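User: Please take me through this model, one short question at a time.

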Amino acid sequence: MKINRRHFIGATAAATLAAPLVNAGGHGRPKVVVIGGGAGGATAARYIAKDSKGEIDVTLVEPSRSYYTCFFSNLYIGGFRSLDSIAHSYGTLASAYGINVVHDWAIGIDRTARTVTLAGGSVLNYDRLILSPGIDFVEGAVPGWDVSTQNAMPHAYKAGSQTELLKAQIEAMPQGGTFAMVAPPNPYRCPPGPYERISMVAHKLKAENPTAKILLIDPKEKFSKQALFEEGWNTHYAGMVERIGPDFGGDNVSVDAGAMTVTIDGTVEKVDVCNVIPAMKAGKICEIAGITEGNWAPVNGHTMQSRLDENIHVLGDATSQGDMPKSGFSANSQAKVAAMAVRGALTGSKVFPAKFSNTCWSLIDTDNGVKVGATYEATDEKIAKVDGFVSQTGEDAALRKATYEESIGWYAGITSDMFG
Amino acid sequence: MTLALSLIVSANIGEASEIGDAEQGKTVFKKCSACHQVGPEAKNRVGPQLNAVFGRRAGGVEDYSRYSDGLKRAGADGMVWDLDTLNAYLENPKALVSDTRMNFRGLSDAQERANLLAFLRIYSDNPANIPEAQPTAIAPEVVLSPELLALVGDKDYGEYLSSECLTCHQSNGSNQGIPAITGWPTEDFVVAMHAYKQKIRVHPVMQMMAGRLSDEEIAALAAYFNHLE
């Protein structure tokens, strides 16, 4: 990877000499390029454009014209939301905030020349670059699975067509069939996500295919909101969900997409649907930029600047930052800190101390919502947890319903905070 | 049976008299009676009937259907009508439950509230909260010093801090699932945030968010959200 990157930088450095930066002389508005239009990137672009009141030129690079939020996509699988209701366009960011929205893939970053190359051939200059690319999967993490088999065994961990595909496969399961999930190892996007998905699949199967079985193959000893989920599964979906943890080989799994089998510690299981959620790493553009250490991009929590390049800020799932979980809420929270830091650096606006927060709601069954959350602060070492809470087992139905309704309000709030 | 009941009622009247003057409270209740009934054969009207209101979960009258979402949520979060919560609600209904449909500006006179509560208390068989102390000990929702209430918030700082609120609370004042917080009188905003900070209000997310805000930061947020319509 490093050799490739050096080649790449060499190539673009030559190109840059031929076409000097407009901004290099200090005239013109400072330029910010944001790569990735999710909870981190869209929020950062919107806040920089909004709060700089036109002083900063903001370009948002995002391949999709319709963005499907990963949060609430499990509710689509469970039948609680339509796919349309979790789709968002970038129209308002362009029309109301003056953001230059470019639907293209970023394929190269030259940190010396401060340029981004797009798949369509354009080259964008930047004074500050914000990377919020989300996650990619670690190659070879689940033997037998790669992106070429993702239609036979969907991950559905980037929302959209994969989510639709998984739902359709569940609907096509034979009566009494088996749904298997290969859950990911830590750290990964949305810690309660796989378990909310199990709940939503169980909710759907209970109505449509009540003799079906769910096999949850998990490499982790423990998982997020475990007591709450297990209580919910026992109450609502008794006998349907079987979890195979690392004690029973849940950490030793391979799949065969052609034969539709899962091999757990040497035992072959025939399944009807297999949702493989492999180990994750930062979105590939972070690796291309050369700002990763291991699988993730380390950042300074005070500003969300990359530890390896102060002209680049990294947000959300792609980062390693300390105590915050990888979630849309976290990315949105981090984006506001980064937006403030970027404005401060480029226009001299006032910079306040960084504050972060996160809350994750999960749906277990109809009107049965739970949540976990915490607040965080930046230290020199990391983003450190300050305070937190989690829903309790045995809560009454009215509280669980109110928690679910609160999550619907939060969805409306955060998506309007992201997309305007 | 009749004897036992009447004994309980008379005992209650005795204790209730420690809250305030029930006789005078009966007069105060005239301000409420356009919407609320209490006593034998009381029915739900514009507002719910008030028998056994002490110890009742907020939004808890089964056959009453016009509670606001916020009141139902407060009940679901564990708020129970007792001397403290009723006193706070009567003082300023919208400060305790921002979207309440009780269209009543509140009773600012503490003695008047105490008298009214003493009157209502007669109609609650099993009150959850009988004070040992004198009526003057009835606490407002949260006690804030005049200096604190007089703090003038920095609206620009409030705008920065508000970004954390706007992940859930919408700046357009939408009230869907999560209460609107725009356009509030600043004092109500300050009182509400301090009530969360002191864990008098029960919502865990808000206790956590308010818990790390300084007095100046709360004032700044109050100033900023006050100006948003």
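The questions below cover a strand and its partners, then confidence.

Analyst: This is a predicted model, where local features need pLDDT of at least 70, side-chain atom pairs count only at pLDDT 80 or more, and totals for chains, interfaces and linings use all residues. Residues are numbered from 1 along each chain as its sequence is written, with chains lettered from A and ligands numbered from 1 in the order in which they are written.

User: Is strand 1 of chain A buried or exposed?

Analyst: Strands are DSSP runs of E, at least two residues, and helices are runs of H or I, at least four, numbered from the N terminus. A residue is buried if 20 or more other C-beta atoms, placed from the backbone, lie within 10 Å of its own, exposed if 12 or fewer, and partly exposed in between. Five of the five residues of strand 1 (residues 31-35) meet the first criterion, so the rest of the structure largely encloses the strand: it is buried.

User: Which residue of strand 2 of chain A is the bridge partner of A:Val33?

Analyst: Strands pair if DSSP finds at least two bridges between them. Strand 1 and strand 2 (residues 57-61) of chain A run parallel, joined by five bridges. The partner of A:Val33 is A:Thr59.

User: Which residue in strand 9 of chain A stands opposite A:Ile35?

Analyst: Strand 9 (residues 128-131) of chain A pairs with strand 1 of chain A in the parallel sense, over four bridges. Opposite A:Ile35 stands A:Leu131.

User: Which element of chain B has the lowest mean pLDDT?

Analyst: pLDDT is the predictor's confidence in each residue, from 0 to 100. Chain B has a mean of 81. Its lowest element mean is 40, in helix 1 (residues 2-16) of chain B.
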